[in-house]
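Student: Could you take me on a close look at one part of this model? I would like to see how a single helix packs and which rings gather there.

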Amino acid sequence: MFTITQFPLPYATDALTPYISQETLQTHHGKHVATYIDNLNKLIENTPYESVSLQDIITESANKPDDKKIFNNAAQIYNHNFFFAGMCPNCNTQIPQEIIDTFGSEQKFKDEFKTAATNLFGSGYTWLVRDNGQLKIVNMKDADTPIVYNMKPILTLDVWEHAYYLDYKNKRGDFVDNYLNHLVNWDFVAENLTK
Ligand code: MN
């Protein structure tokens, strides 16, 4: 039987301080994501989903109302894995040239990304995706995820309140600024751009 297991964080839980506290990271990765994994393993037990990959669970359960819980938990695991992999402590700060060329400048990219992330009403993720070859910043609500729409994910920021509320309270914009200026793993982004 295929069991979804917790992916390890690619850095220590205190590695992203002061921009994301150890308490936030421990709760976010160790409690929220762990709960999605527990839920999904229970939901797929003795179903056809038990024998396919996480990505296939997501694409096969999408748009099936009876499987909404399976989709939500599976997509949350995928989205969080992408979010955590897209950050690092003391990262390379070299933003890929394709992003500069597409959005006009590094600052214009960051401004557009921040506007999207602060305008997302409620819970969800702001994504940088490649859609039909074109780089775009898109918002997705709740657990929704680009792979359902044949978009290639490049980077994502989790703007559910659990991602920042302990550290920033209601100031989501400050969280987005620190994320863009101090936490993005541009090597991960560059690698995704070439895939
Ligand atoms: Mn989250």
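Tutor: Happy to; we will follow helix α5, its partner helix and its rings, and then visit the metal site. This is a predicted model, in which local features need pLDDT of at least 70 and side-chain atom pairs count only at pLDDT 80 or more, while totals for chains, interfaces and linings use all residues. Residues are numbered from 1 along each chain as its sequence is written, and side-chain values use heavy atoms, with hydrogens and water left out.

Let's begin with the packing. Helix α5 covers residues 106-119 and helix α7 covers residues 172-183; they pack at an angle of about 145°, with their axes 10 Å apart. Helices here are DSSP runs (H or I, at least four residues), strands likewise (E, at least two), numbered from the N terminus. The axes are lines fitted to C-alpha atoms, for helices over the stretch in contact, and angles run from 0 to 180 degrees between N-to-C directions. On the α5 side, the contact (heavy atoms within 4.5 Å) includes Phe-109, Lys-110, Phe-113 and Lys-114; among the residues they meet in α7 are Val-176, Asp-177, Tyr-179 and Leu-180.

Two of those α5 residues also lead us to the rings. Phe-109 and Phe-113 lie 4 residues apart in α5, about one turn of the helix, and both are buried (under 20% relative accessible area, with a 1.4 Å probe and protein chains only). Rings of Phe, Tyr and Trp (its six-membered ring) pair if their centres lie within 6.5 Å; planes under 30 degrees apart count as stacked, over 60 as edge-to-face and the rest as tilted. The structure holds 14 such aromatic pairs. The centres of Phe-109 and Phe-113 are 5.8 Å apart and their planes stand at 50°, so this pair is tilted. Phe-109 also pairs with Trp-186: here the centres are 6.1 Å apart and the planes at 70°, so the pair is edge-to-face. That pair links distant parts of the chain, since Trp-186 sits in helix α8 (residues 186-194), 77 residues from Phe-109. Trp-186 is buried too. Ring pairs join these three residues with Phe-7, Phe-83, Phe-84, Phe-103 and Tyr-179 in a cluster.

Finally, the metal site. His-28 (NE2), His-80 (NE2), Asp-158 (OD) and His-162 (NE2) coordinate the manganese ion at 1.9 to 2.1 Å; donors are N, O and S atoms within 2.8 Å of the metal (3.2 Å for Na, K and Ca), and water is not among the atoms, so sites may look incomplete. His-28 and His-162 are both buried.

Definitions and conventions
Buried means under 20% relative accessible area, exposed over 50%, partly exposed in between (1.4 Å probe, protein chains only).
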